[in-house]
Amino acid sequence: MEKTSLVIFKKDCMGCHACEIACKQEHGLGVGPRLIRVSEKSPRFIPTYCHHCTKAPCLESCPVEAIFRDARGIVLIDPGRCIGCKECVEACPFGAMQFDDAQETAVKCDLCAERLTHNQAPACSSVCPTGCIFWGSTRKLAERVVAGP
Amino acid sequence: MGAVRKIRTACRSCHGGCGVIAHVQDGKVRKVEGDPASPISHGTLCSKGLAATQLAYHPDRILYPLKKGDGGWKRVTWDEALNTVAAKFREVIAAHGAESIVIGQGTGRDYESHLYRFANLLGTPNVLTAGHMCYVSRVGATLITCGNLPVSDWSGDPRCIVMWACNPQWTNPDEHKGVDFWRAYKKGARLVVIDPRKGFLADKADLWLQLRPGTDAALALGFLNVIVAEELYDKEFVENYINGWEAFKERVRQYPLEKVAEITWVEKDLIRKAARMYATTKPASLQWGVPTEQTLNCTDCTRLLTGLMAVTGNLDAPGGNVFFVPPPVRTVSQFARHRDLPAEQRNKQLGGDRYKLASRVALITPKVAWDAILTGKPYPLKAGLLCGTNPVITRANAREAYEALKKLDFLAVIDFFLTPTAELADIFLPAGTWLEQNHVADNWKRHGYILARQKVVEIGECWQDHKIFLELGKRMGQEWWDTVEDALDYLLEPSGLTWEQFKEAGYLKGEQVYHKYREKGFSTPTGKVELYSTILEKWGHDPLPKYTEIPESPVSRPDLAAKYPYILNTGLRIPTFFHSANRMIPWLREIRPEPLVEIHPQTAQKHGIEEGDWVEIASPRGRVKQRAKLNEGIDPRVVVAEHGWWYPELKDAGHGWDRANINLLTDNSHASMDPVMGATNLRVLLCNIARAEE
């Protein structure tokens with residue numbers, strides 16, 4: 001199965017935060033965990049999000065193997081197995097790993113795996129007004145990022 | 001859990017228009033998503049629209065009518081609430097005349113057709129909106145100049161885009177959304193950005209003109225000076241279609257670039273370069289934003305920008321600024337029955353003699369309403385009905401707005417929440433959100449589309465605004481329809497569609513024709529673009545546009561500048577909020593928990609202010625607190641503050657309306673307003689800053 005991932009072309013992020021709300025809605029999250037987050041450093045905007053790293057520090061740090069990778073390369077967390085130790089939150093170099101106080105477990109971007117199954121764009125990408133959130137085959141994405149949107 | 005139904009509708013979390021697919025399950029909206037088939041938004045949706053479920057199902061939302069008594073707010077039936085309003089209005093009309101009732105709304109939220117119909121049939125000429133300084137002021141000034149509002153034609157592939165005081169992706173630019181601009185830009189158009197602040201677009205622009213806030217009209221004159229001097233204008237157009245070209249040229253020559261550079265702080269070479277780029281790249285489109293309107297130069301600035309479009313041959317040309325053709329339905333004006341307001345009532349309009357352009361577009365500037373309430377002159381306003389507006393937060397000189405609304409004998413408010421303004425009312429009527437209404441949306445806009453906003457759910461006892469006006473109107477003996485949908489059938493009748501059929505269609509688009517003036521001329525007294533305005537001349541004003549120095553600036557008031565050394569540029573938009581709305585929506589407030597004031601790092605250092613400190617901002621009229629955000633992208637002489645702030649989480653009746661509300665600092669004196677439109681200066685004033693305690 002082809003590896004799937006998501007890349008944000010930062011130069012075109014204009015800081016509207018639509019991706020953040022679309023993500024919260026899709027994942028039923030309240031205030032607190034932000035699986036995608038845009039920070040402002042005027043006039044630029046810096047999105048923080050999960051890169052589904054090949055060698056994923058979150059996955060490697062998990063003491064109970066609650067974090068795993070599926071056939072599409074998506075790094076997922078099983079909330080049933082998560083013990084809430086936050087090792088993964090600390091391990092993530094991007095700050096993308098989040099903790100949900102409501103569930104007392106770590107939460108992370110699942111690349112909208114359910115939507116992908118139906119060939120729908122991840123929620124964040126679907127609403128982006130500048131179209132700067134790309135998703136799809138990891139190999140092709142890399143080429144696209146190099147070329148620019 | 002029942003099956004999920006997907007219902008196609010149109011958002012109205014701002015002025016609205018973006019296509020939405022709402023997911024409904026067991027009678028509740030579970031989720032909203034962008035509609036890829038929408039010709040307006042193409043599947044995108046902003047944070048405000050996406051948070052609609054948190055708005056609709058908010059625990060603080062008022063879901064039934066309220067009446068204020070000795071013990072505070074008390075739940076009543078719709079019958080009791082509407083009968084109370086109707087009885088009070090009848091009493092006021094009998095004793096003081098219908099003109100003693102003020103009807104008001106905030107920014108355009110797609111019920112102006114119904115609100116105006118109610119006001120006109122009631123017989124009051126006193127309708128208070130945001131239009132004196134937002135959009136309608138632009139419509140008014142273009143009506144007298146070229147007969148209609150020219151709108152950016154993004155689908156016509158402009159090769160040069162001038163983004164004049166506008167950030168269409170953070171905010172609603174009216175008409176088309178930012179996504180259409182972005183598509184045009186991405187096709188390789190050159191970009192000129194005029195903004196006192198280096199934002200996302202300024203960073204991307206080929207040319208960024210960082211002007212002194214409030215000097216847009218002077219900058220436009222600088223552009224025109226270059227275009228005239230270098231003969232970069234469309235000779236055929238100016239010869240045939242401009243009224244007063246010679247006189248206009250003479251006026252423009254009075255603004256040489258040295259003078260313009262001094263006024264605007266923009267280097268003259270940069271002005272020249274930008275003017276050349278705009279005038280010589282075809283087609284070129286100019287998108288204007290409200291800061292061009294929110295000073296006393298409102299009308300003149302709009303007329304100058306229209307002049308730029310006209311003399312460069314970009315008016316009603318593909319890819320320029322065009323007059324879109326509306327679909328064949330009844331207009332807001334026809335539905336509102338403006339012609340049926342008797343002349344004797346129209347003549348009683350507050351400020352009508354003074355602010356003639358405002359009067360022409362059927363509204364009053366708030367100052368004249370507050371004066372009438374507080375001084376009783378020229379006659380007192382006794383009662384009011386405000387719909388979807390929070391003037392205590394959003395209007396200039398907020399303290400005066402607050403005192404006036406408090407003093408009004410009787411006030412009814414239509415809203416979702418008990419806002420600081422609603423808390424001053426005697427009756428609260430709970431409105432439905434856009435998920436709870438049937439309406440032909442966007443009919444008031446000038447982009448050539450109408451959209452089906454269809455009811456997805458009903459929540460509590462809330463009624464859509466249109467139904468409130470209809471039911472109240474019937475109680476006042478006015479001519480309305482049995483149902484909201486019957487009224488929509490009437491509105492749609494010329495198109496041959498009923499509401500039920502239109503719902504299926506989703507939207508209608510007018511058939512676009514360019515260069516209409518070649519056949520019909522322009523809809524002005526001379527049939528030409530009146531850069532020399534015969535209407536303004538008749539009204540006793542300068543028929544040619546000019547730049548007037550802001551009455552409170554370092555230039556006009558050096559005495560005041562000693563105590564208030566910075567230019568305060570207010571009204572910075574925040575993408576998650578719409579004016580004073582949304583501060584109670586958890587997802588949105590998480591992104592922007594507190595009001596921010598932008599200060600240049602050098603300036604901050606002078607005052608010992610660090611990122612995140614509370615800052616007290618003071619003007620000659622008041623002081624408020626916002627948190628410091630250091631920004632190198634503004635001039636060190638300028639401070640940029642957000643507007644619209646109150647704290648819904650504070651449960652006292654004031655809800656913190658006087659803590660961070662930047663309009664406690666703004667001015668609404670007659671001298672500070674546009675002389676024909678009554679546009680308030682919401683954008684530029686003098687201030688000082690100091691680090692404040694927590």
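The following paragraphs walk through the contact between two chains, one strand and its neighbours, and a few unusual spots in the backbone. The structure is a predicted model.

The contact between the chains is a good place to begin. Chain B brings 28 residues to it, and chain A brings 20 residues. On the side of chain B that touches chain A, at least two residues each come from β3 (28-34), α1 (47-50), α6 (178-186), α7 (200-204) and α26 (586-591) of chain B. The largest share, four residues, is supplied by α26(B). Sorted by class, this side of chain B holds 13 nonpolar, 10 polar and five charged residues.

Strand β22 (residues 614-619) of chain B offers a neat pattern to follow by eye. In a regular strand the side chains alternate between the two faces of the sheet. Along β22(B), Val615(B), Ile617(B) and Ser619(B) point to one face and are buried, whereas Trp614(B), Glu616(B) and Ala618(B) point to the other face and are not buried. This strand pairs with β23 (residues 622-630) of chain B in the antiparallel sense, over six bridges. The two strands, β22(B) and β23(B), form a hairpin, with two residues between them. β22(B) also runs antiparallel to strand β25 (residues 684-692) of chain B, joined to it by five bridges. Trp614(B) can be traced in both pairings: it stands opposite Arg627(B) in β23(B), and opposite Ala692(B) in β25(B).

The backbone also has some spots worth a closer look. Most residues other than glycine have a negative phi, and most peptide bonds are trans. Glu104(A) has a positive phi, near 55 degrees, and lies in the loop between β6 (98-100) and β7 (105-107) of chain A. Is Glu104(A) buried or exposed? Glu104(A) counts as exposed because just 11 other C-beta atoms lie within 10 Å, and the cut-off for an exposed residue is 12 or fewer. In chain B, Glu231(B) has a positive phi near 50 degrees and sits in the loop between α8 (216-229) and α9 (235-241). Glu231(B) is exposed too, with 8 other C-beta atoms within 10 Å.

Two peptide bonds of chain B are cis, and each leads into a proline. The bond from Lys282(B) to Pro283(B) has an omega near -10 degrees, and Pro283(B) belongs to the loop between α12 (268-280) and β12 (284-288) of chain B. For the bond from Lys377(B) to Pro378(B), omega is near -5 degrees. Pro378(B) is placed in the loop between α17 (366-375) and β14 (383-387) of chain B.

Terms used:
Residues are numbered from 1 along each chain as its sequence is written. Chains are lettered from A and ligands numbered from 1 in the order in which they are written. This is a predicted model: local features need pLDDT of at least 70, side-chain atom pairs count only at pLDDT 80 or more; totals for chains, interfaces and linings use all residues. Two residues are in contact if their C-beta atoms, placed from the backbone, lie within 7 Å. Ala, Val, Leu, Ile, Met, Phe, Trp, Tyr, Cys and Pro count as nonpolar, Asp, Glu, Lys and Arg as charged, and the others, Gly among them, as polar. A residue is buried if 20 or more other C-beta atoms lie within 10 Å of its own, exposed if 12 or fewer, and partly exposed in between; C-beta atoms are placed from the backbone. Two strands pair if DSSP finds at least two bridges between them.
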